[in-house]
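I opened this model to look up a few things and kept notes as I went. The entries follow in the order I made them.

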Amino acid sequence: MVITGYKAARNRPLTRGQKLSNTALAAVRAPVEHGFAHLKNWRIRGKVRTAPSWATALVRALLVLTNREVAR
């Protein structure tokens with residue numbers, strides 16, 4: 001299931017509830033997007049292409065290391 005935010009049109013601005021919903025969604029998405037950005041710094045994509053069987057374990061390990069580094 002994919003949850004998307006609300007989009008305003010020229011003739012229909014967002015309601016206050018829709019703006020609050022977009023804000024809440026952005027707060028949930030930000031850590032995930034930051035995690036993927038940090039994984040790109042580890043150059044994970046090249047390694048995943050060569051051996052996808054161990055990609056899950058590698059991504060989890062790098063995410064733990066990245067979170068520890070960011071938390072400093």
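Entry 1, the salt bridge. I looked at Glu-33 and Arg-29 and found that their side chains meet in a salt bridge, 2.7 Å from N to O. I searched the whole structure, and the search gave 1 salt bridge. The model is predicted, so I treat the distance as computed from predicted positions. Where do Glu-33 and Arg-29 sit relative to each other? Both are in helix α1, residues 16-41, and they are 4 residues apart, so about one helical turn separates them. I then checked how much of each partner is covered. Glu-33 has 42% relative accessibility and counts as partly exposed. Arg-29 has 44% and also counts as partly exposed.

Entry 2, helix α1. I stayed with this helix and looked up its length. α1 has 26 residues and spans 37 Å from its first C-alpha to its last. The expected value at 1.5 Å a residue is 38 Å, and the span is close to that. I also looked for a bend. There is a kink of about 30 degrees at Arg-29, shortly before the proline Pro-31. Arg-29 is thus a residue I noted twice, at the kink and in the salt bridge. Which residues of α1 are buried? I wrote down Gln-18, Leu-25, Gly-35 and Leu-39.

Entry 3, Gln-18. I picked one residue from that list, Gln-18, which is in helix α1. Its relative accessible area is 15%, and the cut-off for buried is under 20%, so Gln-18 counts as buried. What does Gln-18 touch, not counting residues up to four places away in sequence? I found Tyr-6, Arg-12 and Pro-13.

Entry 4, Lys-7. Next I went to the segment before α1, where Lys-7 is found. Is Lys-7 buried or exposed? At 69% relative accessibility, Lys-7 counts as exposed. Leaving aside neighbours within four places in sequence, I found Lys-7 in contact with Arg-12 and Leu-14. Arg-12 had already come up as a residue touched by Gln-18. I also checked Lys-7 against Lys-19: they are 12 residues apart along the chain, and their C-alpha atoms are separated by 9.4 Å.

Entry 5, Thr-66. I moved to helix α3, residues 55-71, where Thr-66 has its place. Thr-66 has a relative accessible area of 3%, and buried means under 20%, so Thr-66 is buried. How far from His-34 is Thr-66 in sequence and in space? I noted 32 residues along the sequence and 9.9 Å in space, C-alpha to C-alpha.

Entry 6, the whole chain. I left the overview for late in the session. The protein chain has 3 helices and 0 strands, and from the N terminus the order is α-α-α. Of its 72 residues, 14% are buried. The chain exposes about 6,500 Å², and carbon and sulfur atoms supply 59% of that area.

Entry 7, confidence. I then checked how sure the predictor is. The average pLDDT of the chain is 79, and 76% of the residues score at least 70. Which element has the lowest mean pLDDT, and which the highest? Helix α2, residues 44-50, has the lowest mean at 61, and α1 has the highest at 85. The salt bridge of my opening entry lies in α1.

Conventions. Residues numbered from 1 in each chain as written. Predicted model: local features only at pLDDT ≥ 70, side-chain atom pairs only at ≥ 80, totals over all residues. Heavy atoms only, no water. Buried < 20%, exposed > 50% of the residue type's maximum accessible area, 1.4 Å probe, protein only. Areas by Shrake-Rupley, 256 points an atom, 1.4 Å probe, with all protein chains shown as cover. Salt bridge = Lys/Arg side-chain N within 4 Å of Asp/Glu carboxyl O. Contact = heavy atoms within 4.5 Å. pLDDT = per-residue confidence, 0-100. Expected span 1.5 Å × (residues − 1). Bend = angle between axes of the 7 residues up to and from the residue.
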